[in-house]
Amino acid sequence: MYGWLLDTLHKEYELVRLLKESPRGSVSQIRHRATGRRFVLRQFTGNAEVYQKLLRCSCRHLPAVFEVASCGEKHLVLEEFIEGDTLGFLLQDALFTEKETRDIAIQICKALWILHSMAAVHRDIKPENVILRGSDAVLIDFDAARLHKPEHETDTQILGTTGFAAPEQYGLSQSDTRTDIYSLGILINVMLTGEHPSKKLAEGHMGRVVERCTRVTPRKHYKNVLRVMEAL
Amino acid sequence: MENKQNLTYLCPYCGAPLPEEASFCPHCARSVNQRQEILPPSIRWRKALRRALMIFVVLLLGGGIGSAWYLSNQPKVYDDGGTGEVIYTDEDGTYQILLGWRDTPYEPAPVITQTAEQDGKYTFPVCLFIHHKDTGANAGGIFLRKVASVTAEFDTPDDPLGYIRYGEPAYADYAPDAALTSFTQFLGRENSARGTWTITMENGDVILLHQTLNVDLIETVDIYPADAPMDTIEDLQTLVNSIGDQVGNNDVVNLHLPAVTYEGGLSITERSVNLYGNTEGEGRTAFTGSVQVNPKIENGVNYLYDLDFVGDGDGVGVTAAQRTWAIGCTFTGWRTALMCHGTGADGGICYTDCRFEGNEVAVHYNTNRTNFFNSVSPDNQFLCNGTGILIEGEATEDDLDLSGCRFEGNGTDIDNRSGQPLDISQAVFQ
């Protein structure tokens with residue numbers, strides 16, 4: 001299917017712009033000539049299992065994965081193009097209120113829950129990777145392949161046996177998901193104060209949530225994103 | 001591009017042929033697969049469940065929780081049970097706390113055995129390590145802020161006349177990764193004592209770490225000419241080679257040599273021995289060949305007492321790859337009289353009360369062993385040598401102590417090519 005899809009995309013789609021390029025592959029925005037619909041096309045080598053899983057699910061807070069075609073280690077992923085502004089862009093002009101922040105953070109938690117339940121970790125949560133589409137926050141750019149090293153046997157096993165269970169259940173260590181919780185805490189603080197919590201911690205309840213998200217001591221840290229959602 | 005894809009499926013929207021496994025029709029740009037909406041478990045439901053559970057627990061246990069809370073907030077004693085290690089958890093995290101050696105900070109050393117000579121005075125360091133249990137990262141600094149006091153004490157030793165005591169635990173540059181280090185002192189006796197470190201926390205918790213120090217006396221084995229044949233260099237070489245079979249590795253072996261001239265050289269390559277030249281009556285013990293000190297089993301200093309090393313203008317009198325200390329010896333007529341060489345932590349030469357006369361080079365440092373051992377050389381005489389002391393290789397931090405030395409008639413007294421710091425304030429140059 002890889003060759004067929006690549007061929008069809010060449011014929012019926014046009015490049016809008018190259019979003020990212022690395023030795024591992026590229027990410028570009030393309031447009032369907034007939035309908036004008038825009039998509040994100042990822043071409044990379046590595047592991048596409050998380051994208052395969054996302055193919056069968058839909059979540060308002062993650063871009064839809066429309067198609068995954070593989071040829072050995074080479075993969076094509078056709079993804080929903082999310083229209084909207086990034087939090088990074090919006091934060092240039094103004095901070096968010098506590099309610100807005102809470103709503104957005106809960107939506108990011110929902111997106112993270114899905115990734116975490118697939119043994120995937122986002123690892124790059126930042127204002128530039130959250131797009132506001134109307135009132136929906138969408139977490140983009142989950143470079144899932146980064147965390148699944150195909151040469152690593154246990155990772156392969158994890159991916160082969162996972163459903164939509166809690167990550168701890170199939171061995172994705174808490175420390176991995178904690179990375180995302182930590183960055184989420186930072187993001188919440190930046191949305192409220194414009195600063196890293198070490199410089200200026202948000203006040204009140206949200207400040208306490210940030211503090212607990214970013215605490216290094218494992219015992220006091222939120223165990224998973226569901227706990228963060230509850231706290232929010 | 002030629003396309004051999006088997007297109008057996010038709011797009012339900014535009015009718016275009018698609019591969020069977022397609023999830024998306026690129027022709028009409030629409031999804032053609034079934035998707036399941038994934039939602040996290042409801043927060044409200046989880047919250048309600050947890051609250052109900054909480055109420056249930058409160059009802060069930062009632063005052064039990066109160067008393068449990070009361071008990072859990074009472075100061076606790078954490079005893080290592082003789083393992084030298086305690087895992088301690090407080091509200092900030094879990095810590096591994098142990099007593100051990102500098103180079104193995106994760107291995108507790110609950111039992112230490114030291115070898116010692118009778119009535120020798122010894123000091124060695126014991127380190128207290130504190131790590132974050134999960135990461136192994138050093139947590140000494142953070143942890144000590146929560147500590148009210150640390151004391152370390154030995155019980156009365158089995159032999160009360162031989163002391164065993166901890167020095168005050170404190171930070172020491174010797175072991176920067178250790179939270180605290182105690183320089184522990186003991187006297188050379190067959191002895192044993194149990195030590196206890198008591199760490200009292202600000203919150204009242206007490207952590208007890210134990211350590212047993214056993215002191216084994218080093219046996220000293222003296223061998224005289226009457227005990228074993230040692231009149232010729234061959235006999236002596238045989239004795240030096242085989243003595244290891246008869247003594248323990250930690251034992252000290254003293255060979256008391258007769259007043260003979262050994263024609264030829266000796267190689268000390270099996271285990272350390274001390275050579276004592278004859279001091280009874282008039283005759284002395286002499287070697288006309290090189291003595292090489294490089295024992296495989298190295299357990300301290302190789303002492304050379306009252307020996308004459310007599311060269312014929314060529315060769316090296318004594319070459320030392322391991323710690324060697326010449327005392328009361330004479331070195332005459334060598335290309336190089338006394339040389340230390342080699343690399344690594346141990347090794348080096350000391351020489352005191354020696355006379356170096358008529359050698360091309362009397363003492364040659366050719367080593368990177370920068371320990372203090374290479375800095376001890378008081379009360380020697382350097383007479384009519386081409387060069388008195390030639391220093392190559394790496395300098396030691398300590399001044400080379402030449403107090404009481406006399407330099408006379410040498411071509412060059414000291415050829416200091418390494419920039420070795422010298423203490424010549426008490427030396428005489430004539």
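**Exercise 1. Find where pLDDT stays under 50 in chain A, and state how many contacts the model has there.**

Solution. Begin with the scale: pLDDT is the predictor's confidence in each residue, from 0 to 100. In chain A, pLDDT stays under 50 over residues 144–175. For this stretch the model has 48 contacts beyond four places in sequence, where two residues are in contact if their C-beta atoms, placed from the backbone, lie within 7 Å. Next, turn to the elements, where helices (H or I, at least four residues) and strands (E, at least two) are DSSP runs numbered from the N terminus. Among the elements of chain A, helix α5 (residues 153–161) has the lowest mean pLDDT, 31, and β5(A) the highest, 92.

This is a predicted model, in which local features need pLDDT of at least 70 and side-chain atom pairs count only at pLDDT 80 or more, whereas totals for chains, interfaces and linings use all residues. Residues are numbered from 1 along each chain as its sequence is written, while chains are lettered from A and ligands numbered from 1 in the order in which they are written.

**Exercise 2. Set out the average confidence of each chain and the scores of the complex.**

Solution. Chain A averages a pLDDT of 78, with 82% of its residues scoring at least 70. Chain B averages 86, and 89% of its residues score at least 70. For the complex, the predictor gives an ipTM of 0.78 and a pTM of 0.43.

**Exercise 3. Trace the open sheet of five strands in chain A and place helix α1 on it.**

Solution. Take the order of the strands to start with: it is β1-β2-β3-β6-β5, with antiparallel pairing, and two strands pair if DSSP finds at least two bridges between them. The edges are β1 (13–22) and β5 (65–71), each of which pairs on one side only. From one strand to the next, the twist averages 20°. Now add helix α1 (residues 2–12) of chain A, which packs on the sheet and touches β1, β2 (25–32), β3 (38–45), β5 and β6, its direction making about 125° with that of β5(A); axes here are lines fitted to C-alpha atoms, for helices over the stretch in contact, and angles run from 0 to 180 degrees between N-to-C directions. Finally, look at the edge: six bridges join β5(A) to β6 (residues 74–80), and these two strands run antiparallel. Across from A:Glu67 stands A:Leu78 in β6(A).

**Exercise 4. Describe the open sheet of three strands in chain A and the helix α4 that lies across two of them.**

Solution. The order is β7-β8-β9, again with antiparallel pairing, and the edge strands are β7 (85–86) and β9 (136–139). Four bridges join β8 (residues 130–133) to β9(A), and A:Leu132 has A:Ala137 as its bridge partner in β9(A). Helix α4(A) lies across β8 and β9, running at about 40° to β9(A). This helix, residues 98–117, reaches 28 Å from its first C-alpha to its last, close to the 28 Å expected, the expected span being 1.5 Å times one less than the number of residues. Of its 20 residues, 14 are buried, a residue being buried if 20 or more other C-beta atoms, placed from the backbone, lie within 10 Å of its own.

**Exercise 5. Give the secondary structure and the buried share of each chain.**

Solution. Chain A has eight helices and nine strands, and buried residues make up 41% of its 232 residues. Chain B has four helices and 38 strands, and 32% of its 430 residues count as buried.

Terms used. Buried ≥ 20, exposed ≤ 12 C-beta atoms within 10 Å, placed from the backbone.
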